[in-house]
Each structure stands twice: as C-alpha cells, then as structure tokens.
Amino acid sequence: MNLVLSLTERCNLRCTYCYYKVSHEARSLVMSDDVMEAAIRLAFNRTLELGQRFLNITFFGGEPLLRMESIYRGVEFAKAVVREKFGEKFESGICPDSTPPDIFRLRFAVNTNGTLLDSDIIDYLKHENFRIFLSLDGPEHHHNICRRQVGGEGSFKLIEPHIPALLQLDTVVLSVVTRENMRTLSEAVRWVQAQGFRNMTTSVDFDGQWTGEEFDVLAAEYEKLAKFWIDLRRKDVKFYLGTIQDKLKFRLTGQRHRTTSCHVAAGIVACAANGNLFPCTRFISSKPDAPYILGNVFDEPASIFDGPVARDIRNFFDHDKEECKGCAIRFRCHGHECACTSFYSTGSVHGVSPEVCTHERMLAAICDDAIV
C-alpha cells in the first residue's frame, strides 16, 4: 500500500510547466497533525484489509521540505502505529523483494525539488532510509529553462552542492520534458548518468499544444536515448531509464503497466492538505468540488473505498478503453494504462488524449526499433 501525504500546497519554486502555476499565490494550505495522523492510520488499516504487509508513505507537496517538522512527526507516528499491531515483527527502511508473512515493513519517501536540502536533512533521510524522488531536469543550462525560483532565477545552483550526497542515497531523478527544453533532452540524460545517478525517468508535459514538428524533434532525442541506454546495457553499466526501459519491459515480458506499475485501483491513496482523499498524486486538490474525491480521512472507510468514485476507478482498472481496443501497444501505453495521465490530459480517467496517443505510439516504435 502507498500513502501520499500532501503536507503543504506551498512551494518555493515556480516551474513553468507546474499544473498549479496559475494558482500558486492562492495555495497556502498546510496539513494539520490531526489530518496526517488520521491518514496514516487509515492507510495502515487499509493495508491490513488488503492482506498486505508493506506500507510506503510518501511526503509530497508543494515542496514537502518546507514542513520538515511534519515529516519528523509523521515518521515517528507511523512507526508507533505499526508497532501497536506488530511489536518487534516490524521493520522500517529498505524493503527486500521477499518479506516473511509475519513481518510488516514500513518505508518512507519524499518528492522534493532539492533546493532546501542541508546536511541535517540529508543525514536524517539517510538514517531513515528514505527514497528520494528528486526533481532535476539535467545540467544547469537545461534545468533552468523550466525550474525557476519565485523571482525567475534558475534553481540549479541551489541543488548542485547536494548532488554528491544524493548519490549516496536511494535517489530517483524525475525530469519533465517540455516543448521548451526537449532539444537538449538526450544531453541532459547523459549528464544525469555521468554524475553517478542510477535511476531516472522522464515525463512529458502534455499541455495540448504539441505540434507534429515538435514531436519530430522529440523523436530524434528519443532515438538518441534508446541508443544510449542499449549501449550502457551492452557494457553492463547499470542505469535504469524508465522512459526506454519500461516500454521494452512490457513488450518483452507481456506485463501490463496497470498491473505492475499503476496501483490506482487498490494500492495507493493520496491525501490533500485538507484531508480529502484521491486515487493518486496527480488528482490531489484542496478544492471542495475537485473531481475524483474518494472521501475524507475522517469518513468511514467503507464509504471511501467502496463509494462511487472508488467504483469508477475500479471500472477504469478492469476494462479497456473503447477507443483503444485492438491497439497493439495499449498495455504499455500511458494513455490507456495510467489513470493520472488520462485525468490530467483529458479531465477523466476514461478519456484518451490524441496528443498522448501520438507520443506513446512514437516512443514505442522507437524503443522496438532499437532492439531489432
């Protein structure tokens, strides 16, 4: 089970592609301790109901490092809740692939832009075996195109001093591809790998404005990435590049994105700062009329996980989209398989964006050609 806690709506950056960019000034809500603790108890109980013995808690925002005291409190509260039930049959930290059925494992993660890190925070994240999802687009000239401070300055210089320490932690680099920075994408990925990072994925900002000519530019960058990743594999250099690797994995193994990577139907719940619950991270909003609200942390669990929104999500998970039936790549396509991508690109988990469809067909073909 995965619990995402949006500790704060506030952020110290103003990234050009951020889906909150038009509402930053109005986003001031922070999560109370009561809401956070109720969310943790709810997720723990849901984990047990599902017959699972693993709970991952991700601290999210906004920028969650603005609320370090809440992170400290949340970690200790989660440990206490698990110990109430499992006593010494409980482990916190890195979770191996196999877990004895009587052992409960708890792990923590944080999504951060990295600009507020310091030695004390890094030591704490290391001590608690946090997984760090780091927003880093690439070297300074590439990163600063989109990831900017409130005054418009680039943010790379605030992250750069911490890169050596981040390399010693379980860090996943998250890079966003936009129409503004796509021309140096392959160079940026090479730079990230050369720094020593071993885990990275890129995601496209589908803003509804991509042109055919721009997709051609992106395709050329993807071709370079596919060749780069395959060359690394042949040299036995370990570098997980989800952009290429996942497309190939799903083709070669016959697995599906929904059943191996997307847990929207049962394996994740995301909590907004006001306690409202959503199917995954991209849905999070504190607006009272936000779509896809499952319920609130103080509601009865049955009304949350068996309510109309939960049933609609399960319907998405269990059925192919009509527009996608017969498509050869649908089981490895984010437009078909990912509820978050469908939601933010169309407004509905059941929608299909022509822009996403074009991108996924292009990327799948490039990945397939690379291994012929």
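How many residues does helix α8 have, and how far does it reach from its first C-alpha to its last?

## Helix α8

Helix α8 spans residues 212-234, 23 in number, and reaches 33 Å. That is close to the 33 Å expected at 1.5 Å a residue, taking 1.5 Å times one less than the number of residues. Helices are DSSP runs of H or I with at least four residues, strands runs of E with at least two, numbered from the N terminus.

This is a predicted model: local features need pLDDT of at least 70, side-chain atom pairs pLDDT 80 or more, while totals for chains, interfaces and linings use all residues. Numbering starts from 1 along each chain, and side-chain values use heavy atoms, without hydrogens or water.

## Burial and core

Buried residues of α8 (under 20% relative accessible area, 1.4 Å probe, protein chains only) include F215, L218, Y222 and W229. Their cover includes β6, α7, β7, β8, α9 and α15. Just after α8, D236 takes a positive phi of about 60°.

The largest nonpolar core (buried Ala, Val, Leu, Ile, Met, Phe, Trp, Tyr and Cys joined through side-chain atoms within 4.5 Å) has 105 residues. L5, I57, F59 and L218 touch the most other members. Helix α8 gives the most to this core, ten residues.

## α9 against α15

Helices α9 and α15 pack at about 80°, axes 9 Å apart. The axes are lines fitted to C-alpha atoms over the stretch in contact, with angles from 0 to 180 degrees between N-to-C directions. So α9 is roughly perpendicular to α15, a label for 65 to 115 degrees. In contact (heavy atoms within 4.5 Å), T243, I244, K247, L248 and R251 of α9 meet E360, L363, A364, C367 and D368 of α15.

Terms used
Buried means under 20% relative accessible area, exposed over 50%, partly exposed in between (1.4 Å probe, protein chains only). Angles under 35 degrees count as roughly parallel, over 145 as roughly antiparallel, 65 to 115 as roughly perpendicular and the rest as oblique.
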